[in-house]
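Me: I would like a close look at one part of this model, with the terms spelled out as they come up.
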Amino acid sequence: MPKLLLKFNAAVIKEIPINKSSISVGRKPDNDIVIDNPAISGHHCKIVLKGDTHYVEDLESTNGTFVNEKRVMKAGLHHNDVVGLARHALVFISEEPEEEIVPPVAAKPAAADETMVLSAEKKAEMAAAAAKNTEDPQEKAGYLRVLKGIAGDPEYALKGLSTYIGKSDRVQIPIKGTGLFGSAPEVAASVHRKPDGYTLMAVKDGYPIVNGSSVSGSVSLNDGDIIECGGTTMQFFLKSG
């Protein structure tokens with residue numbers, strides 16, 4: 001069973017098993033993990049299980065929630081990740097699968113002609129790699145173009161590792177919602193740049209819509225996808241940087 005280690009100034013003061021799908025953290029006594037510190041908000045953050053992944057979600061706390069010293073609104077947790085909360089910290093300990101022991105296989109001595117073939121293949125592989133390195137491929141960067149609704153700019157470059165969308169003045173892409181009062185979540189969604197592409201994560205589950213389908217959790221973005229957040233419609237596209 002995964003667990004959390006509650007630390008204060010690097011000293012472990014409590015071990016909490018993660019035995020349910022949502023664990024709240026804050027200063028008020030109705031939280032699952034109560035931290036009596038004025039720097040901690042009444043309801044500061046929560047640890048939630050979605051699919052096979054645990055996430056930490058900030059609950060609009062005053063002083064913020066950090067994962068490995070980086071401020072986040074929502075982030076997936078991995079083994080030994082540190083969730084920073086003022087001078088306190090929660091260390092996430094995942095279930096560690098036992099390593100599979102593979103018996104060693106004795107190496108078969110190669111014949112002389114086999115050695116020559118392998119050497120030729122290796123040379124061809126090295127030549128192909130060298131030719132590839134001489135090319136100058138242009139890496140494609142992600143952008144969001146505003147098609148409908150109110151946003152700060154007509155187009156946004158997704159340059160950072162994470163780009164947040166919502167009505168808060170802390171986000172990179174400010175939007176307004178629908179309805180009489182134009183309400184929208186402080187943070188509705190976030191777009192994350194990864195080595196294999198871009199992913200949209202719903203900070204408020206069900207609020208962002210991609211290609212007509214509500215998003216809970218995360219979804220990979222493809223060139224031309226349409227993203228709706230309240231009254232704002234945007235198109236994700238790639239272009240050479």
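Which residue in β10 does Val67 stand opposite? Please take the answer outward from there, to the strands around that pair and to the core.

Reply: Val67 stands opposite Val83 in β10. Before going further, please note that this is a predicted model, in which local features need pLDDT of at least 70 and side-chain atom pairs count only at pLDDT 80 or more, while totals for chains, interfaces and linings use all residues. Residues are numbered from 1 along each chain as its sequence is written, and side-chain values use heavy atoms, with hydrogens and water left out.

Strand β7 (residues 65-67) runs antiparallel to β10 and is joined to it by two bridges; here strands are DSSP runs of E with at least two residues, numbered from the N terminus, and two strands pair if DSSP finds at least two bridges between them. Phe66, in turn, stands opposite Gly84 in β10. Val83 also has a bridge partner in β11, namely Leu90, and the pairing of β10 with β11 is antiparallel, over four bridges. These two strands form a hairpin with two residues between them, and Ala86 in the turn has a positive phi of about 55°.

The wider setting is an open sheet of six strands in the order β2-β1-β11-β10-β7-β8, with antiparallel pairing. At its edges stand β2 (11-17) and β8 (70-72), each of which has a single partner strand, so one side of each is left without a neighbour in the sheet.

Leu90 also leads into the largest nonpolar core, which has 25 residues, and Leu4, Ile33, Val56, Leu85 and Leu90 are the ones that touch the most other members. Such a core is a set of buried Ala, Val, Leu, Ile, Met, Phe, Trp, Tyr and Cys residues joined through side-chain atoms within 4.5 Å, where buried means under 20% relative accessible area with a 1.4 Å probe, protein chains only. Two or more residues come from each of several elements, among them β1 (3-8), β10 (82-85) and β11 (88-93). The core draws at least three residues from each of domain 1 (3-93) and domain 2 (140-240), the bounds being those of an automatic or database domain assignment.

Leaving aside residues up to four places away in sequence, Leu85 touches Val25, Ile35, Ile40, His44, Cys45, Thr65 and Leu90, contact being heavy atoms within 4.5 Å. A second, separate core of 22 residues includes Leu158, Ile175, Ile227 and Phe236.

Key
Buried means under 20% relative accessible area, exposed over 50%, partly exposed in between (1.4 Å probe, protein chains only).
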